[in-house]
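Here are a few exercises to work through at your own pace. Have your viewer ready, and try each task before reading its solution.

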Amino acid sequence: MFLEFFESKGHLKMNSFSLIPHNDNSLLLINSGMAPLKPYFTGQEIPPRRRVTTCQKCIRTGDIENVGKTARHGTFFEMLGNFSFGDYFKHDAIHWTWEFLTEVVGLDKNRLYPSVYLEDDEAFDIWNKEIGVDKDRIFRFGKEDNFWEHGAGPCGPCSEVYYDRGEKYGCGKPGCTVGCDCDRYMEVWNNVFTQFDNDGHNNYTELEQKNIDTGMGLERLAVVVQDVDSIFDVDTIKALRDKVCEMAGVTYEEDANTDVSIRVITDHIRSVTFMTSDGILPSNEGRGYVLRRLLRRAARHGRLLGIKGAFLAELSKTVIEVSKDAYPELAEKQEHIFATLNTEEENFNKTIDQGLSILNGYVEDMKAKGEKTLSGEHAFKLYDTYGFPLDLTVEILEESGFAADEEGFKACMQEQRERARKARKTTNYMGADATVYEQIDVAITTEFVGYDRLTHESEI
Ligand code: ATP
Ligand code: MG
Ligand code: MG
Ligand code: MG
């Protein structure tokens with residue numbers, strides 16, 4: 001509905017871009033609809049049309065701690081967006097936001113609340129005078145919430161739309177209203193008006209080419225439309241949640257801790273399936289580390305639910321099933337997805353029980369000594385020997401009121417890197433010296449098979 005609506009307003013519908021940013025080192029993973037379109041906003045590249053609409057797959061690991069705890073955050077989600085590259089501006093963007101939400105989707109106007117940036121009277125007036133939203137229903141927020149900016153470059157005020165899901169979702173605290181962190185007033189849509197250029201010293205000048213960049217969470221809109229409690233109750237995601245429950249032999253909504261684990265797995269399996277289908281492989285660095293971390297976190301929550309053995313590849317089948325129509329790459333890459341998830345999970349399974357019992361031992365020691373913080377060396381040993389990403393160790397510790405010395409961990413990591421670097425310098429692998437490569441017979445050709453499979457024929 002969203003994409004068709006914006007096509008009817010002259011937008012070109014483009015496919016979701018890969019989760020791997022293209023020519024952009026500032027970002028590990030695509031985290032918004034706008035991110036892959038940056039070259040069009042900065043003028044580096046000419047857009048195929050000045051109005052574009054997309055549904056973009058996104059990963060936000062920054063939200064990892066909210067996952068399973070709030071109704072509205074996933075590390076993976078789909079962001080709908082409409083974009084103007086120097087074409088229409090605030091007036092049309094706000095009118096179309098309202099038209100889509102109230103007329104196309106048919107949401108109750110009395111449950112919608114817009115917000116604007118403190119000083120953005122122009123947007124305030126459009127909402128108030130043109131759309132007819134009462135003054136006291138429009139919220140003015142400061143830079144933190146309603147000004148989009150990343151260092152130097154194009155930036156500007158935002159206008160968000162919140163949906164009131166009713167008192168039962170409120171935190172009940174005095175002053176709970178739009179902008180409260182609880183799940184009652186849920187932000188569904190953000191309109192960014194890129195109208196300034198920041199010279200890097202917070203001197204703002206008006207841009208000649210003003211842009212529109214918007215983002216609406218598909219899952220959040222579905223929560224509102226399907227009138228369900230959280231993104232984990234939306235039909236497609238619920239199918240996945242049900243599968244988790246079936247595999248673990250547990251029931252949803254019987255125990256609060258169990259529910260968190262169910263939701264964490266339900267979310268993380270979406271992230272890891274999509275990341276793998278875009279060609280990311282588990283590793284100890286960068287994107288690969290994000291994948292490893294999410295996958296191992298999901299595997300550990302599987303343990304907490306009592307699941308025996310590897311289960312993530314099996315679970316990814318449901319992700320592929322419910323999302324392959326919109327993302328055909330999932331079905332195309334399914335064998336690769338299964339193999340990658342299986343290998344990684346099985347590797348982790350080999351050491352997870354041992355690692356957990358070592359960690360329990362450390363905790364007992366700390367209790368006996370009255371300590372609260374696990375040393376960096378111990379956290380590093382869990383990482384290095386048992387494959388526990390640091391934040392997994394921290395998470396497990398926090399569950400029983402302990403912490404880890406993260407600085408100490410980093411120092412150990414640094415030391416290990418140094419050692420490895422020195423070792424590389426002083427030894428010639430297999431006794432060879434660099435000139436042996438010059439003698440390689442160039443007539444011998446090799447075929448790279450890594451795009452299609454993970455192991456060489458002779459190893460299968
Ligand atoms: P919130 O304040 O609720 O964390 P946000 O302000 O960080 O949201 P934006 O960066 O404005 O979100 O992203 C645009 C839209 O994308 C949001 O209005 C929301 O609908 C959706 N969205 C953002 N983060 C998530 C997430 N982690 N999971 C699901 N949807 C999200
Ligand atoms: Mg957020
Ligand atoms: Mg917000
Ligand atoms: Mg926002």
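The exercises below go from the whole chain to the ligand site.

This is a predicted model, in which local features need pLDDT of at least 70, side-chain atom pairs count only at pLDDT 80 or more, and totals for chains, interfaces and linings use all residues. Residues are numbered from 1 along each chain as its sequence is written, while chains are lettered from A and ligands numbered from 1 in the order in which they are written.

**Exercise 1.** Judge how compact the protein chain is.

*Solution.* Start by finding 15 helices and eleven strands in the protein chain; these are DSSP runs, with helices being H or I of at least four residues and strands E of at least two, numbered from the N terminus. Next, take the radius of gyration over C-alpha atoms and the globule rule, 2.2 Å times the number of residues to the power 0.38. The chain has 25 Å, close to the 23 Å from the rule for 460 residues, so it is as compact as a globular protein of that length.

**Exercise 2.** Describe how domain 1 and domain 2 are placed.

*Solution.* First, read the bounds, 2-225 for domain 1 and 236-364 for domain 2, which come from an automatic or database domain assignment. Then place their C-alpha centres 30 Å apart. Finally, 16 residues of domain 1 are in contact with 18 of domain 2 (C-beta atoms, placed from the backbone, within 7 Å).

**Exercise 3.** Find which strand supplies the largest share of the shell around ligand 1.

*Solution.* Begin with the 16 surrounding residues, the closest being Asp63, Phe77, Asn190, Gly215 and Gly217 (C-beta atom, placed from the backbone, within 6 Å). Then note that β3 (76-85), β8 (185-198), β9 (204-217) and α6 (218-225) each give at least two residues. The largest share, four residues, belongs to β8.

Technical notes. Two residues are in contact if their C-beta atoms, placed from the backbone, lie within 7 Å.
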